[in-house]
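Thanks, everyone; I would like to take a few minutes to walk through one model, beginning with a helix and what surrounds it, and then moving on to the cores and a sheet. Please have a look at it on the screen before I start.

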Amino acid sequence: MIDEALGILRRNNYKVTKQRQSILEYLSNFQHHFIEVTQVDAYLRQLYPGVSHNTIYRNIEDFTRMGILEAINRPTGKCVKYQCDFQNHHHHFICKKCGRVQEIAVCPFDEQVKQQLAGCTIESHVFEIYGICAQCNARLKKETERS
């Protein structure tokens, strides 16, 4: 997966630096969970104490723009995760209990929405469903039965 991301960097005329590769290696562990950008920043500053916050945040923004990372805004701040599918447009179900992310292959953005926005240029969209995943529901059910 990292090789594909490195290829995307090269195709966009970005140098593959140790810091960029470290960001990708770290975030490749987060394909199914969003993590706060501050966590990525803290990790990178441990590896490279001289790297600036600005450099880390700028790379994260660039990676998001290129489709290597996916980003969402939460009340606690911006969160990112490694792109789970570089090839296909998709959306997510996000568990509010454990944070696990499941890919939704179907896009609910249909022709009716496009018709309502006639004359507009749609550049992107995000569709996320929040709830409790099957594993957490099963755990909660067992806990309730024991009580």
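In α4, the buried residues are I56, N59, I60, D62, F63 and M66, and I should say at once that we are looking at a predicted model. Viewed down the axis of α4, these buried residues fall within an arc of 165°, so they line one face of the helix, while the face turned away from that buried side carries the exposed residues N54 and R65. As for what covers the buried residues of α4, the covering elements include α1, α2, α3, β2 (69-74) and β3. The 14 residues of α4, at 1.5 Å a residue, should span 20 Å, and this agrees with its end C-alpha atoms, which are 20 Å apart. After α4 comes G67, which has a positive phi, near 90°.

Turning to the cores, the largest nonpolar core has 24 residues, and those that touch the most other members are L9, L24, L27, V40, F63, I68 and L69. At least two residues of this core come from each of α1 (2-11), α2 (18-27), α3 (37-47), α4 (53-66) and β3 (77-82). There is also a second, separate core of five residues, among them F34, I72, C79 and I94.

I94 brings us to the sheet, since its bridge partner in β6 is Y130. Strand β4, residues 91-95, runs parallel to β6 and is joined to it by four bridges. The open sheet has three strands in the order β5-β4-β6, with mixed pairing, and the twist averages 20° from one strand to the next.

Notes:
Residues numbered from 1 in each chain as written. Predicted model: local features only at pLDDT ≥ 70, side-chain atom pairs only at ≥ 80, totals over all residues. Heavy atoms only, no water. Core = buried A, V, L, I, M, F, W, Y, C linked by side-chain atoms within 4.5 Å. Buried < 20%, exposed > 50% of the residue type's maximum accessible area, 1.4 Å probe, protein only. Expected span 1.5 Å × (residues − 1). Arc of directions from axis to C-beta. Contact = heavy atoms within 4.5 Å. Pairing = 2+ DSSP bridges. Axes fitted to C-alpha atoms, helices over the stretch in contact; angles between N-to-C directions.
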